[in-house]
Amino acid sequence: MTHKIRNPVVTLLLCIVTCNIYTYIAIYQISDDIKQFTNDNTINPGLEILLCIITCNIYTIYWCYKYSKYIFDMQTKTGVEYPNDISIVALILPLFQLSLISLLLMQTELNKVWMKVSG
C-alpha cells in the first residue's frame, strides 16, 4: 500500500487560492489516509466534512484534536523517530481561527509516517 506524501506548502497555497475550499479536501484526504492505514471502518471522511460544514467549522476543532491523536498513534506504531503528539496544539490553534496551521502540522506529521513506512 502506497501513501501519498503531500507538501504542506502546496496545501497552504491551494487553501489560500481557493478561499479555504481546499481545506475540506485536505480534511477528507487526511481522514481517508488514516482510515486506509488503520483499517478503522468507523472513520467516515465524508461525514467528517459534513460535520465541519454544518457546524460552521466548530467540529473542525474536535477533528484536529482527534486526528492528530490518530497520527501520533500511527507514528509510535510504525517506529517514527521522535513521534510528536501535536494534539493540544492542534486543539488550541483552531480556537484562534488558525485551523489551517493545525492542518499543515498534521500533514507534516503524517508525512513522517509515510516516509517511515516507505523506507
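A residue counts as buried when its relative accessible area is under 20%, as exposed when that area is over 50%, and as partly exposed in between. Keep these cut-offs at hand during the tour, which moves through a predicted model.

**First stop: Ser 68**

Select Ser 68, which you will find in helix α4, the run of residues 58–78. Ser 68 has a relative accessibility of 1%, and because buried means under 20%, it counts as buried. Now show its side chain, and look for the backbone oxygen of Cys 64, which this side chain reaches at 2.9 Å. If you then display the surroundings and set aside residues up to four places away in sequence, you will see that Ser 68 touches Ile 86, Ser 87, Ala 90 and Met 106.

**Second stop: the whole of helix α4**

Widen the selection to all of α4, and place a distance between the C-alpha atoms at its two ends, which are 31 Å apart. What span should the 21 residues of α4 have at 1.5 Å a residue? They should span 30 Å, so the distance in the model agrees with what is expected.

Next, colour the buried residues of this helix, among them Tyr 59, Trp 63, Cys 64, Tyr 67, Tyr 70 and Met 74. Which helices do the buried residues of α4 pack against? Their partners are α2 (21–38), α3, α5 (87–92) and α6 (99–118), and it is worth showing each of these in turn.

Ile 61, another residue of α4, is also on the list of buried residues in this helix. Leaving aside its neighbours within four places in sequence, Ile 61 is in contact with Leu 91, Pro 94 and Leu 95. For a sense of scale, draw a line from the C-alpha atom of Ile 61 to that of Gly 119, and you will find them separated by 32 Å, with these positions 58 residues apart along the chain.

**Third stop: where α3 meets α4**

Add helix α3, residues 45–54, to the view, and turn the model until you can see how α3 and α4 pack at an angle of about 145°, with their axes 8 Å apart. On the side of α3, select Glu 48, Leu 51 and Cys 52, which meet Tyr 59, Thr 60, Trp 63, Lys 66 and Tyr 67 in α4. The residues of this contact divide into five nonpolar, one polar and two charged.

Within this contact, look at the side chains of Glu 48 and Lys 66, which meet in a salt bridge of 3.5 Å from N to O. Glu 48 lies in helix α3 and Lys 66 in helix α4, so the pair ties together parts that are 18 residues apart in sequence. Is each partner buried or partly exposed? Glu 48, at 5% relative accessibility, counts as buried, whereas Lys 66, at 21%, counts as partly exposed.

**Fourth stop: further salt bridges**

The structure holds four salt bridges, and you can continue with the one that Asp 33 forms with Arg 6, where the closest N and O atoms are 2.5 Å apart. Asp 33 lies in helix α2 and Arg 6 in the segment before α1 (8–17), so this pair ties together parts that are 27 residues apart in sequence. Asp 33 is buried, with a relative accessible area of 8%, and Arg 6 is buried as well, with a relative accessible area of 13%.

Now move to helix α6 and select Lys 112 and Glu 109, which form a salt bridge with their closest N and O atoms 3.2 Å apart. Because they are three residues apart in helix α6, Lys 112 and Glu 109 are separated by about one helical turn. Lys 112 counts as partly exposed at 26% relative accessibility, while Glu 109 counts as buried at 7%.

**Last stop: positive phi angles**

Return to the end of α4 and select Gly 79, which comes just after the helix and takes a positive phi of about 80°. Then go on to Tyr 82, in the loop between α4 and α5, which has a positive phi of about 55° although it is not a glycine. Tyr 82 counts as exposed, at 68% relative accessibility.

Finish in the loop between α5 and α6, where Gln 97 is found. The phi of Gln 97 is near 60°, again a positive value in a residue other than glycine, and Gln 97 is exposed, with a relative accessible area of 71%.

Terms used: Residues numbered from 1 in each chain as written. Predicted model: local features only at pLDDT ≥ 70, side-chain atom pairs only at ≥ 80, totals over all residues. Heavy atoms only, no water. Helix = DSSP H or I, 4+ residues; strand = E, 2+ residues; numbered from the N terminus. Buried < 20%, exposed > 50% of the residue type's maximum accessible area, 1.4 Å probe, protein only. Polar contact = N/O pair within 3.5 Å; in protein donor to acceptor, adjacent residues only side chain to side chain. Contact = heavy atoms within 4.5 Å. Axes fitted to C-alpha atoms, helices over the stretch in contact; angles between N-to-C directions. Nonpolar A, V, L, I, M, F, W, Y, C, P; charged D, E, K, R; others polar. Expected span 1.5 Å × (residues − 1).
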